[in-house]
Amino acid sequence: MSDAEDRILMFHGTSTKHLDAILSRGMLPEPPVRLSALMAEANDKQGNHTASFGGTYMTVSHSLAVSYANSAREHMGGEGVVIGFSVPKADLVPDEDEILFALAVPLAHSFGWDPEAGEELPLEDWTRDKAAELGRKFASQFGIEDEEAFAKVADCLDRMVSATLGEGWDHDPALFDPEGNDFGWSSPTWIRKLTSTPEGMVLYREQMDAMCQAMAGADPWRYPCDLESCKGRILYPIGLAEGQGCFIVSVGSPMEPLKHFDNTAALTGREIADLGAFEFLRESQPTMEM
């Protein structure tokens, strides 16, 4: 398993409604209730393709985790809780929403999209060669260098895009226009079209999940497209004791990060992250090299 130099400090926001379960069993990859499902239901804007995949979602941004904790408090009740993790980078699977966001412009360019031409310039045809070229270029932007990963990303892209276009595609530039997202969410127009049928929904969730898993180990600090916060997920159960995989180092409120559980002594000193409320570690543990 990854050694100290390959770990990162990440955070997850939830509610005290789940505090007893977290402190007794840790984090499960398939929890009984997901905040994303509750938020999608409350907003009722895009349907259930926005529901989370398997795994525990987390972010390098402590402030973003606080915002999720506040959302959990709003949708689930209780008080906000922020959990800190020591995460092996090799185990981190990129967040699917951020993958779609980062993919928007490169995918449009692969069709010959021109923002200046608008609807006056129809998009080009989609080919397997374009999928292979885009898969390699896109994955490498995330620090991926594995040939098998390139091939898997290309295959998943090809299946999703081909299914979206179907037969009789009119080459409408609006379908892949990066500025065409509705409601300020990260799902672009072509994904909403793909998931508009039950068959397309199943294909999207299978292929998008497989594409993200092929990119496991992507560097959280090399996400393209100027993403403000880098998120990902861990696919196996996460405990409270130091082990070979990801483990919990803290459970607390946004203002008191160690209120419920403190295992920060297990941090190696080489984790790099937006510490946020953990800034005190710099002073309280002078041997740490954050």
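**View 1. Lys89, in the loop between strands S3 and S4 (93-94) of this predicted model.** Helices (H or I, at least four residues) and strands (E, at least two) are DSSP runs, numbered from the N terminus. Lys89 is partly exposed, at 23% relative accessible area; here buried means under 20%, exposed over 50% and partly exposed in between (1.4 Å probe, protein chains only). Setting aside neighbours within four places in sequence, Lys89 is in contact with Asp6, Arg7, Ile8 and Gly217, where contact means heavy atoms within 4.5 Å. Look for Pro220 too: its C-alpha atom and that of Lys89 are separated by 8.1 Å, with the two positions 131 residues apart along the chain.

**View 2. Strand S3 (residues 80-88) and its enclosure.** Of the 9 residues of S3, 9 are buried, so the strand is largely enclosed by the rest of the structure. Both faces are covered: one side carries Gly80, Val82, Gly84, Ser86 and Pro88, the other Val81, Ile83, Phe85 and Val87, and all are buried.

**View 3. The strand partners of S3, namely S1 (residues 7-15) and S6 (residues 247-252).** Two strands pair if DSSP finds at least two bridges between them. S1 and S3 pair in the antiparallel sense over 9 bridges, and His12 stands opposite Ile83 in S3. S6 also pairs with S3 in the antiparallel sense, over 5 bridges; Phe85 has Ile248 as its bridge partner in S6.

**View 4. Strand S6 beside strand S7 (residues 261-262).** S6 has 6 of its 6 residues buried, so it is largely enclosed by the rest of the structure. S6 and S7 run antiparallel and are joined by 2 bridges. To find your way here, start at Val251, whose bridge partner in S7 is Phe261.

**View 5. Helices H5 (residues 128-141) and H6 packed together.** Their axes are 8 Å apart and form an angle of about 125°. Axes are lines fitted to C-alpha atoms, for helices over the stretch in contact, and angles run from 0 to 180 degrees between N-to-C directions. H5 and H6 are therefore oblique to each other; angles under 35 degrees count as roughly parallel, over 145 as roughly antiparallel, 65 to 115 as roughly perpendicular and the rest as oblique. Residues that meet across this pair include Arg128, Ala131 and Leu134 in H5 and Glu147, Phe150 and Val153 in H6.

**View 6. Helices H4 (residues 96-110) and H8 (residues 198-214).** This pair packs at an angle of about 85°, with axes 10 Å apart. That makes H4 roughly perpendicular to H8. Glu96, Ile99 and Leu100 of H4 make the contact with Tyr204, Met208, Met211 and Cys212 of H8.

**View 7. Confidence along the protein chain.** The chain averages a pLDDT (the predictor's confidence in each residue, from 0 to 100) of 83, and 81% of the residues score at least 70. Helix H6 (residues 147-165) has the highest mean, 97, and helix H2 (residues 35-43) the lowest, 49. Over residues 284-290 pLDDT stays under 50, and the model has 12 contacts for them beyond four places in sequence.

**Notes on the views.** Residues are numbered from 1 along each chain as its sequence is written, and side-chain values use heavy atoms, with hydrogens and water left out. In this predicted model local features need pLDDT of at least 70 and side-chain atom pairs count only at pLDDT 80 or more, while totals for chains, interfaces and linings use all residues.
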